[in-house]
Amino acid sequence: MALVELQLPETRQPLPCDVASFLADVDARIDCFMRSHPTWGSGFVPSNFETVYHALQAISESNLTTGRHLCEWGSGFGVVAMLAEMVGFRSCGIEIDQDLVDEARDLAGEFALEAEFIHGSFIPRGSESCAEEAYADNDAGVVWLVTETDDAYEELGLEPDDFDIVFAYPWPGEEDVIDRLFDRCASDGALLLTYGQCNSVRLQRKRSKRLRSV
Ligand SMILES: C[S@@+](CC[C@H](N)C(=O)[O-])C[C@H]1O[C@@H](n2cnc3c(N)ncnc32)[C@H](O)[C@@H]1O
């Protein structure tokens, strides 16, 4: 594994008004969606958007990325991709559930945000064994991540290694699957931001052995 842990600079400030009102609308929409889908069986659970916003803001202000292109893996309502745009990234999301893709597109349209959302799997073709082996090694109790692969990147007109930063919210036990997929697909120097248990975020950078020794 060639992922190096980075410290996130601490920059907690009150949310800007436009972000706070966007997130209030998001809460209401997600609440309404959950009520109208009482038997919802997908792996969608929203991250804490305020926490992720502060992390994105800190990354942006500290110029930690090699460029400005972000992809949200399993984007749900697409909120993280939209917050990323608000702090200056060019962003998109890939989501396996069509209903969620529709919600994300509606939300982006209402707030005139350019973030693009694609229906499909963020696991690129050719990486199925990577995901399956990581599951087998980690013995994850519940499997939420859909391990099928497809051509979502082709629809975006981008390759997985075109992104400077990837955000994902893996279920407990699936963190290593995301780490291994990122390590396999991302470009050298790209960042992986993950949201996890207890409202925490983790930032890692992909580093080849050659660059790590410099
Ligand atoms: C825990 S939710 C996180 C949603 C969103 N990123 C957030 O932070 O609020 C994980 C999402 O990943 C989606 N998902 C699972 N496997 C996927 C795959 N292979 N490709 C794309 N989306 C996937 C699920 O449908 C779900 O919406």
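**Exercise 1. Determine which residues isoleucine 165 touches, and place this residue in the core and in the sheet.**

Not counting residues up to four places away in sequence, isoleucine 165 touches Ile59, Thr65, Leu70, Ala190, Leu191 and Leu193, where a contact requires C-beta atoms, placed from the backbone, within 7 Å of each other. The model is predicted, so local features need pLDDT of at least 70 and side-chain atom pairs count only at pLDDT 80 or more, while totals for chains, interfaces and linings use all residues. Residues are numbered from 1 along each chain as its sequence is written.

Next, consider the core. Ile165 is, with Val52, Leu83 and Val166, among the residues that touch the most other members of the largest nonpolar core, which has 56 residues; such a core is a set of buried Ala, Val, Leu, Ile, Met, Phe, Trp, Tyr and Cys residues joined through C-beta atoms within 7 Å, and buried means that 20 or more other C-beta atoms lie within 10 Å of the residue's own.

Finally, turn to the strands, which are DSSP runs of E with at least two residues, just as helices are runs of H or I with at least four, both numbered from the N terminus. Isoleucine 165, in β5, stands opposite leucine 70, and four bridges join the parallel strands β2 (residues 69–73) and β5 (residues 165–168), strands being paired if DSSP finds at least two bridges between them.

**Exercise 2. Work out the strand order of the sheet and describe the helix α7 that packs on the sheet.**

The open sheet has seven strands in the order β1-β7-β6-β5-β2-β3-β4, with mixed pairing. Its edge strands, each pairing on one side only, are β1 (3–6) and β4 (116–119). From one strand to the next, the twist averages 25 degrees, angles running from 0 to 180 degrees between N-to-C directions of lines fitted to C-alpha atoms, for helices over the stretch in contact.

Helix α7 (residues 175–185) touches β1, β5, β6 (191–196) and β7 (200–206), and its direction makes about 170 degrees with that of β6. Within α7, the buried residues include Val177, Ile178, Leu181, Phe182 and Cys185, and their cover includes α5 (128–138) as well as β1, β5, β6 and β7.

**Exercise 3. Find the angle at which helices α2 and α3 pack, and the residues that make the contact.**

Helix α2 (residues 49–61) and helix α3 (residues 79–86) pack at about 35 degrees, with axes 10 Å apart. The contact is made by Phe49, Val52, Tyr53 and Leu56 of α2 together with Val79, Val80, Leu83 and Ala84 of α3.

Conventions:
Two residues are in contact if their C-beta atoms, placed from the backbone, lie within 7 Å. A residue is buried if 20 or more other C-beta atoms lie within 10 Å of its own, exposed if 12 or fewer, and partly exposed in between; C-beta atoms are placed from the backbone.
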